[in-house]
Amino acid sequence: MSLPSFFGRCAAIVAMAGACLPAARAELPMVELGAGMYRIEAELAHTDQARQIGLMNRTAMPLQHGMVFAFAQDARHCMWMKNTLIPLSVAFMDREGRILNIAEMKPQTEDSHCAAAPARFALEMNAGWFAARGIGAGTVIRGVDRLPAGR
């Protein structure tokens, strides 16, 4: 096989692999949430598979976007950043959407970041998003009452 032919085949394989990546990550439903005067567009991770994948392998996330994790039961849920490339803040919330605690998470680590008390939801946003807006423990995130129960 000639060198140009080899490189042509390699380029075709790389292009096909890249085209398959978006298909590997299933499209998640989008939900609208609110915190104070801020609107949040969040992907909903309410199945085991969606929660396990989370925001892994993404290189960026728009400013007002996030991912909300809905769990089937109240528990001291924990998050980690394995294969997650962007720094995130996670707010753990009770069933009414009241923030219990917020943790700052560094990319590509396996440190556990856990809810301070039994939580039903977790909302991941870009690192520092909550602090920059003065949002902390006790703040209620609007819209969680419209989320389906986790499965």
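This is a short tour of a predicted model, one selection at a time.

**The whole chain**

Start with the whole protein in a cartoon view. There are 3 helices and 9 strands. Followed along the sequence, they come in the order α-β-β-α-β-β-β-β-β-β-α-β. Of the 151 residues, 40% are buried. Contacts between residues 24 or more positions apart account for 70% of those with a separation of 6 or more. Switch to a surface view: the accessible surface is about 8400 Å², and carbon and sulfur atoms hold 58% of it.

**Strands E2, E3 and E8**

Return to the cartoon and select strand E3, residues 65-75. Add strand E2, residues 38-45. E2 and E3 run parallel and are joined by 5 bridges. To see one point of this pairing, show alanine 45, which stands opposite phenylalanine 69 in E3.

Now add strand E8, residues 119-126. E3 also pairs with E8, this time in the antiparallel sense, over 5 bridges. Show methionine 67 here; the bridge partner of methionine 67 is glutamate 124 in E8.

**The nonpolar cores**

Which residues have the most contacts inside the largest nonpolar core? Select Leu33, Ile40, Val68, Met93, Leu123 and Ile141, which hold that place in a core of 20 residues. Several elements each supply at least two residues of this core, among them strand E1 (30-35), E5 and helix H3 (129-132). The strands already on screen, E2, E3 and E8, are also on that list.

Next, centre on isoleucine 141. Leaving out residues up to four places away in sequence, isoleucine 141 touches Leu33, Gly34, Ala35, Met93, Glu96, Gly97, Ile99 and Leu123.

Then select Leu55, Met61, Met81 and Leu88. These four are included in a second, separate core, which has 19 residues.

**The hairpin of E5 and E6**

Select residues 88-93, strand E5, and residues 99-105, strand E6. The two strands run antiparallel and are joined by 6 bridges. Between the strands of this hairpin are 5 residues, and glycine 97 takes a positive phi near 90°. Glycine 97 is also one of the residues touched by isoleucine 141. Along the strands, show phenylalanine 92 with its bridge partner in E6, asparagine 101.

**Asparagine 101**

Stay on asparagine 101 and show its side chain. Is asparagine 101 buried or exposed? Its relative accessible area is 16%, so asparagine 101 is buried. What does the side chain reach? One partner is the backbone oxygen of cysteine 114, at 3.2 Å. The backbone nitrogen of alanine 116 lies 2.8 Å from a polar atom of the same side chain, that of asparagine 101. Setting aside neighbours within four places in sequence, the contacts of asparagine 101 are Val90, Ala91, Phe92, Cys114, Ala115 and Ala116.

**The disulfide**

From asparagine 101, move to cysteine 114 and add cysteine 78. A disulfide joins these two cysteines, with S to S at 1.9 Å. The pair links distant parts of the chain, 36 residues apart: cysteine 78 is in strand E4 (residues 78-79) and cysteine 114 is in strand E7 (residues 113-114). The count for the model is 1 disulfide.

Look along the S-S bond. The torsion about the bond of cysteine 78 and cysteine 114 is about 105°, so the disulfide is right-handed. Cysteine 78 counts as partly exposed because its relative accessibility is 40%. Cysteine 114, at 31%, also counts as partly exposed.

Technical notes: Residues numbered from 1 in each chain as written. Predicted model: local features only at pLDDT ≥ 70, side-chain atom pairs only at ≥ 80, totals over all residues. Heavy atoms only, no water. Pairing = 2+ DSSP bridges. Helix = DSSP H or I, 4+ residues; strand = E, 2+ residues; numbered from the N terminus. Disulfide = S-S within 2.5 Å. Buried < 20%, exposed > 50% of the residue type's maximum accessible area, 1.4 Å probe, protein only. Core = buried A, V, L, I, M, F, W, Y, C linked by side-chain atoms within 4.5 Å. Contact = heavy atoms within 4.5 Å. Polar contact = N/O pair within 3.5 Å; in protein donor to acceptor, adjacent residues only side chain to side chain. Areas by Shrake-Rupley, 256 points an atom, 1.4 Å probe, with all protein chains shown as cover.
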